[in-house]
Amino acid sequence: MPSPRLLIVSNRLPVAARLVDGQVRTTPASGGLATGLRPWHAQSNGLWIGWPGDVARFSPGQRAELDRRLHADGIVPLHLPTDLIDRYYFGYANRVVWPLFHYLIDRVPLDADGWDAYYRANERFAEAVAGQYRTGDAIWVHDYQLMLVPALLRQRLPGARIGFFLHIPFPSSEVFRTLPARRALLEGLLGADLIGFHTFGYMRHFVSSLRHVLGLEAEVDSVRVGDRDVALGAFPMGIDAEGFAALGDDPEVAAEAAAIRRDADGRQIVLGVDRLDYTKGIVRRLQAIEHLFARRPEYRDRLRYIQVAVPSRERIDSYKRFRRDVEETVGRINGTSGTVRSVPVHYIHRSVSPKQLAALYRAADVMLVTPLRDGMNLVAKEFAASRTDEDGVLVLSEFAGAAAELGGALVVNPYDIEGVADTLRRALTLPPDERRARMRTMRQRVTVYDIHAWVGDFVARLGARPAAARPRPAVSDTAALAAALDDARRAGGLHLLLDYDGTLVPFARTPEEASPDADLLVLLGALATAPGIDVAIVSGRPRETLESWFGELPIRLWAEHGFWHRAAPGQPWQQTASVGPSWASRVRPILEQFTAATPGSRLETKTASLAWHYREAAPDFGARQARELRMLLGEALSNQPLEVLDGQMVVEVRRRGVSKAVAAERRSADVAQGTTVAFGDDRTDEDLFRALPASSITVAVGRPRGGASFVVEDPHAVRQVLSRLLAAAQPGSGSPARALRTPAHASLV
Ligand code: ADQ
């Protein structure tokens, strides 16, 4: 059987095809993704699927020739009609998504269209990939042009392992939400098993958009979507550091670098290398240089700024305008600051060879990388990797993903022109020791976390995901579950730990209306006195409420998620943890503000927590406010010994360390034998489930939770299980619950 492969899917292939004198030519494409993954793909047995460029002028024979050549290199070209490319790639992807994800909303044209084409092109990609797929392959989809492909592939290949990586920033949800297609884009991405970003910041923005737009709650590094878990991660992309170091040491490169320096005739060399894109901050960077010349005229003849700009997306109007802006600015600076003997700004508008690029990196005293926003920015890393001489200073925008990794750079705000000018001057005069120390730390990082580590990490995490959708555990048969409990009871006794709201009674409109009915009280009382069974209620409710409802019953009570504890009727309530300092005074005003702004919601004060209930608020508004509140509290309390709990229609803040797990731990310490059985329906019960010994039985109500061993449908089913257990346990009944078992499908998860 052929071995499983990695299928890379990206809009552009790592090569571009064109005709030269009627002959088919393929040249390596520029751009971060191509440069980064090309060496890795070259040494793997996988496929790379993507668009080879516009081949409208190719004859059928030339096309076939192109396809043959690409196939030999493990590349599968997807030919798209020119009008589709215009509307999808030059249209929606680059006129709408690109500027918006880089926070440049005013670059999005008013007639932003092309969504249909974007959808159709994504469909074409999904079909092409599905056509190549063999069972066991992993699929890795790249970037903002293909955000719908994961879901479109999931429809076609439900069991496939699909990863997605976004090479550009994921913007704050405030910006993302302005996109009319926001839902479709998020749902498209969620077809993947793993979604990767360059930084945790982008991942946080994505999570907050999921919450705002789809109402989905992520749990640290994954999000549950139907019956699947989608993993999320930050994978800062690296470069082929070894390759750039080797280029840096190449004698030809050294000779070219020496020639560039000679030509500068003693002037310090400042370098900028970018795709000619308005996100790269080229105009502001030039203005910073202009500012420096204006304030310190002596620099006019002391530095040479070389700006290499690779042509990019020239069919798009805003790129044409931007090119004009750049070239006018260059002209203006050279006009006012040039002398008869020197021109301070050298502007090169073309792609240069890897050796020329490395020679420029090696010749530079200062490298200016000042994008207004940049997913990562590989140029900054390439500069560091090629400086095996440990010299050269990197000035880096705080809005480039690379700023989160390259601690040795001088970091600037690219919008602050004066600040950039000052930092440039500092960079030009930095003492050699400091230059070396800074360059060393950057080289260390780019060498250790290089392109191979990046690919390896992503693929390993993707491989660790289950290949197929995790089957949703079937709802357990209540008779079978009762029989299992009865077996355990006979074997050594049962300790029942029962959640209350949502488990023993359904949710009511107000917390007060959910008081126990007579049947429930009878059932609990009878269970507590049946042989081999003891009962505890473990609830988030205040102790006063539990006392008033269950005070007379011979059962153990745990109130406020385990903060208060009462062993038996008449015994005093005891605290299980000490209350911290007056944290509540800091949190309360926030909750009060939300209560005031959300009609129908109310604030409950408990001994160890504050709870904001929104069950009676207008459903949409309440849920939206709750999401806002959770986000706010999550941020605000992240370094406090406090945690935010998501209950059913309640957001609760409590001291960390108080959880239902306390009940589990106490249980294990108190009883030497028997089986502990916990029933619960929400996230707080997962604390309890997790803290129980492996031999315990855990029952989730409503939906699977925290690895619970059984799932039952609702409080009615819980009571059915308990009643059957009671019937089996009561002396004289003579009817082990097993006898009640229907021809069942008791399902252990
Ligand atoms: P890009 O926006 O293309 O990438 P970047 O990461 O800087 O930006 O990569 C540019 C690449 O093009 C570099 O490898 C560079 O060497 C090459 N290059 C630049 N100028 C060149 C020239 N004149 N001649 C030849 N080659 C040149 C997108 C995102 C980035 C992200 C990458 C990778 O916008 O934020 O870092 O993908 O994820």
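Which side chain has an N or O atom 2.9 Å from an oxygen atom of the ligand? The side chain is that of Lys280, and the pair falls under the definition of a polar contact, in which two N or O atoms lie within 3.5 Å of each other. The model is a predicted one, in which local features need pLDDT of at least 70 and side-chain atom pairs count only at pLDDT 80 or more, whereas totals for chains, interfaces and linings use all residues. Residues are numbered from 1 along each chain as its sequence is written, and side-chain values use heavy atoms, with hydrogens and water left out.

Two further contacts involve oxygen atoms of the ligand: a polar side-chain atom of Arg275 lies 2.8 Å from one, and Asn377 places a backbone N or O atom 2.8 Å from one. Taken alone the ligand exposes 720 Å², of which the protein buries 95%, with accessible areas computed by the Shrake-Rupley method with a 1.4 Å probe.

Around the ligand there are 24 residues, of which His167, Val310, Asp374, Met376 and Glu382 come nearest; a residue is counted here if one of its heavy atoms lies within 4 Å of the ligand. By class, this shell holds eleven nonpolar, eight polar and five charged residues, where Asp, Glu, Lys and Arg count as charged and Gly is among the polar ones. Among the elements that give two or more residues to the shell are strand E12 (268-275), strand E13 (303-310) and helix H14 (378-386), and H14 gives the most, with three residues. Helices and strands are DSSP runs, of at least four residues for helices (H or I) and at least two for strands (E).

H14 also packs against another helix. The axes of helix H9 (residues 241-249) and H14, lines fitted to C-alpha atoms over the stretch in contact, come within 7 Å and cross at roughly 55°, which makes H9 oblique to H14. Angles under 35 degrees count as roughly parallel, over 145 as roughly antiparallel, 65 to 115 as roughly perpendicular and the rest as oblique.

Key:
Polar contact = N/O pair within 3.5 Å; in protein donor to acceptor, adjacent residues only side chain to side chain. Axes fitted to C-alpha atoms, helices over the stretch in contact; angles between N-to-C directions.
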